[in-house]
Amino acid sequence: MLQPYQAELGQGNVIRPEQISQLALGQTPEQVTFILGSPLLTGEQPRVRWLYPMYDTQTGYSNLTVYFVAGRVSSIEQQ
């Protein structure tokens, strides 16, 4: 039986290690967006926390979370 073509629709951004290495404390949200693209999730406080889900074929899913204080990157966590 014939099936209609269904394009694979990936969501979010593919985050590469070299992009993560370009992140630094003190960067502005615009700089983070330039490096990583728009965040997939921002939670209830979009000015404070940005979440980038990531997938690695060896380790599976993980999250990169970027925190902001006063409009600058204050911490970066990879879980």
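This report describes the fold, the strand pairing, the core and a few individual residues of a predicted model.

## Overall architecture

The protein contains two helices and three strands, and these elements follow one another along the sequence in the pattern α-α-β-β-β. Of its 79 residues, 27% are buried, and the protein exposes about 6200 Å², of which carbon and sulfur atoms supply 53%.

Among the contacts in the protein with a separation of 6 or more, 34% are accounted for by residues that stand 24 or more positions apart.

## The sheet and its hairpins

The three strands form an open sheet in the order β1-β2-β3, and the pairing is antiparallel. Its edge strands are β1 and β3, each of which pairs on one side only, and neighbouring strands are turned by 20° against each other on average when direction is ignored.

Strands β1 and β2 run antiparallel and are joined by eight bridges, with a hairpin of three residues leading from β1 to β2. Within this pairing, R49 has Y67 of β2 as its bridge partner, while Y55 stands opposite Y61 in β2.

Strands β2 and β3 also run antiparallel, here with six bridges between them, and they form a hairpin with two residues between them. Two of the positions that face each other across this pairing are Y67 and S75 in β3, and F68 has V73 of β3 as its bridge partner. Y67 is thus placed opposite R49 in one pairing and opposite S75 in the other.

## The turn at A70

A70 lies in the loop between β2 and β3 (72-78), where the residue has a positive phi of about 55° although it is not a glycine. With a relative accessibility of 79%, which is over the 50% cut-off, A70 counts as exposed.

## The nonpolar core and its aromatic pair

The largest nonpolar core is made up of 12 residues, namely I15, L23, V32, I35, L36, W50, Y52, M54, L64, V66, F68 and V73. The elements that give two or more residues to this core are α2, β1 and β2.

The count of aromatic pairs in the protein comes to one. The pair consists of W50 and F68, whose ring centres are 4.8 Å apart and whose planes stand at 65°, an angle over the 60-degree cut-off, so the pair is edge-to-face. Because W50 belongs to strand β1 (residues 49-56) and F68 to strand β2 (residues 60-69), the pair ties together parts that are 18 residues apart in sequence. Both W50 and F68 are buried.

Once its neighbours within four places in sequence are left aside, F68 is in contact with Q27, T28, P29, V32, R47, V48, W50, V73 and S74. This list includes W50, the ring partner of F68, and V73, its bridge partner in β3.

## T28 beside the sheet residues

T28 is located in the loop between α1 (17-20) and α2 (29-36). Its relative accessibility of 16% is under the 20% cut-off, and T28 therefore counts as buried.

Leaving aside neighbours within four places in sequence, the contacts of T28 are with F68, G71 and R72. F68 is thus a residue that T28 touches and also a member of the largest nonpolar core.

## S75 in strand β3

S75 is found in strand β3, and its relative accessible area of 25% falls between the cut-offs of 20% and 50%, so the residue is partly exposed. Not counting residues up to four places away in sequence, S75 touches L25, T65, V66 and Y67.

One of these contacts, Y67, is the residue that stands opposite S75, and another, V66, belongs to the largest nonpolar core. For T65, which is 10 residues away from S75 along the chain, the separation of the C-alpha atoms is 8.3 Å.

Conventions: Residues numbered from 1 in each chain as written. Predicted model: local features only at pLDDT ≥ 70, side-chain atom pairs only at ≥ 80, totals over all residues. Heavy atoms only, no water. Helix = DSSP H or I, 4+ residues; strand = E, 2+ residues; numbered from the N terminus. Buried < 20%, exposed > 50% of the residue type's maximum accessible area, 1.4 Å probe, protein only. Contact = heavy atoms within 4.5 Å. Areas by Shrake-Rupley, 256 points an atom, 1.4 Å probe, with all protein chains shown as cover. Phe/Tyr/Trp six-rings, centres within 6.5 Å; stacked < 30°, edge-to-face > 60°. Core = buried A, V, L, I, M, F, W, Y, C linked by side-chain atoms within 4.5 Å. Pairing = 2+ DSSP bridges. Axes fitted to C-alpha atoms, helices over the stretch in contact; angles between N-to-C directions.
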